[in-house]
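Me: Could you take a close look at the buried interior of this protein for me? I would like one connected account rather than a list.

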Amino acid sequence: MDIKQKYIDDFNPVDYYQTYYAAGTENVIGEWIEFVLPILHETFTKGGVKGDTLIDFGSGPTIYQILSACEAFNNIILSDFLEANLDELQKWMRKDPKALDWTHVIKYVCELEGNRHSIEEKAEKLRSKVKQVLKCDALKNNPYDPIVLPPADCLLTCLCLEAPCETIESYCNVLKNFQNLIKPGGHLLVLSMLNSKHYYVGDKRFTCLYITKDDLEKAFKDAGYEIERVIVTPRSNTSHMDVCSHDSHYYVHARKSQ
């Protein structure tokens, strides 16, 4: 079975949410949220990453990654390969009673922002900024084919590229293709996990690209980006290595040449 079919057949977005994000449970990657949300808050405030349009590539069924972005961009495009994930995003957008509950995560971001908004206001602001929810495929030269998107000020991707890419060369090729989606001088933000071979969603096992910090930096340079900042934080809780085998979280802020 190829990777795409594996995800179509076995990836359940509700199981994914329950395994990794649901409130009130011992989440396997609770540390991930504590890593990614403060970094994105800083990036879109003091970090000066802002503009008109942001593309969120490989959104999955999640919205946590764009909560800070909605303060810095007027138009946000969500996208994913799986129809099941796109359905979950649309449920949240239209306030479906069966939508995944991100209240606890929105509360965290509101606190990072000094509680300028209530949880409800923050959710509505994000909904107002999301202009499109699109299907994408990382392994296509134009990931949005047949749609041709105008270049954006920023492309963000979280926990995505290690899934479709089976080699470092493939990972680098995806970064090269992203060049066409970003304006000259625009930003590429990639956040994910290092040194991981697999993760589980419910009882389904998914393999992922084992990538090191050196591999990562070389891929960005070979793809023609200027690296602005790299952060790697080791995983401190190793009690669920069988569920998700990464040993570190990473953040790369790169820019397309002018």
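Reply: Happy to; here is a walk through the interior, with a brief look at a loop at the end. Please keep in mind that this is a predicted model.

Let's start with the nonpolar packing. The largest nonpolar core holds 57 residues, and Y64, I76, W102 and L191 have the most contacts inside it. Helix α3, which spans residues 30-43, supplies the largest share of this core, with 7 residues. A second core, separate from that one, has 33 residues, among them C136, C165, Y225 and A254. As a general background, nonpolar side chains tend to be buried together in soluble globular proteins.

Y64 is a good place to zoom in. Leaving aside residues up to four places away in sequence, Y64 touches Y21, W32, I33, V36, L37, W102, V105, C158 and L159. One of these partners, W102, is listed with Y64 among the residues that have the most contacts inside the largest core.

Now to the cysteines of the second core, C136 and C165. Both are buried: C136 has a relative accessible area of 3%, and C165 has one of 2%. Are they bonded to another cysteine or unbonded? The sulfur of C136 has its closest cysteine sulfur in C160, 6.4 Å away, so the two are too far apart for a bond. For C165 the closest cysteine sulfur is also in C160, but at 7.8 Å, which is again too far for a bond. With a disulfide taken as two cysteine sulfur atoms within 2.5 Å, the count for the model comes to 0 disulfides.

A polar residue deserves a visit too. N85 sits in helix α4, residues 83-93, and is buried, with a relative accessible area of 3%. What does the side chain of N85 make a polar contact with? The partner is the side chain of D80, at 2.9 Å. Beyond residues up to four places away in sequence, N85 touches F11, P13, G60, P61 and D80.

To finish, here is a contrast with those buried positions. G47 lies in the loop between α3 and β1, the latter being residues 51-57. With a relative accessibility of 43%, G47 counts as partly exposed; the cut-offs behind that label are under 20% for buried and over 50% for exposed. From G47 to A99 there are 52 residues in sequence, and their C-alpha atoms are 32 Å apart in space.

Conventions. Residues numbered from 1 in each chain as written. Predicted model: local features only at pLDDT ≥ 70, side-chain atom pairs only at ≥ 80, totals over all residues. Heavy atoms only, no water. Core = buried A, V, L, I, M, F, W, Y, C linked by side-chain atoms within 4.5 Å. Buried < 20%, exposed > 50% of the residue type's maximum accessible area, 1.4 Å probe, protein only. Helix = DSSP H or I, 4+ residues; strand = E, 2+ residues; numbered from the N terminus. Contact = heavy atoms within 4.5 Å. Polar contact = N/O pair within 3.5 Å; in protein donor to acceptor, adjacent residues only side chain to side chain.
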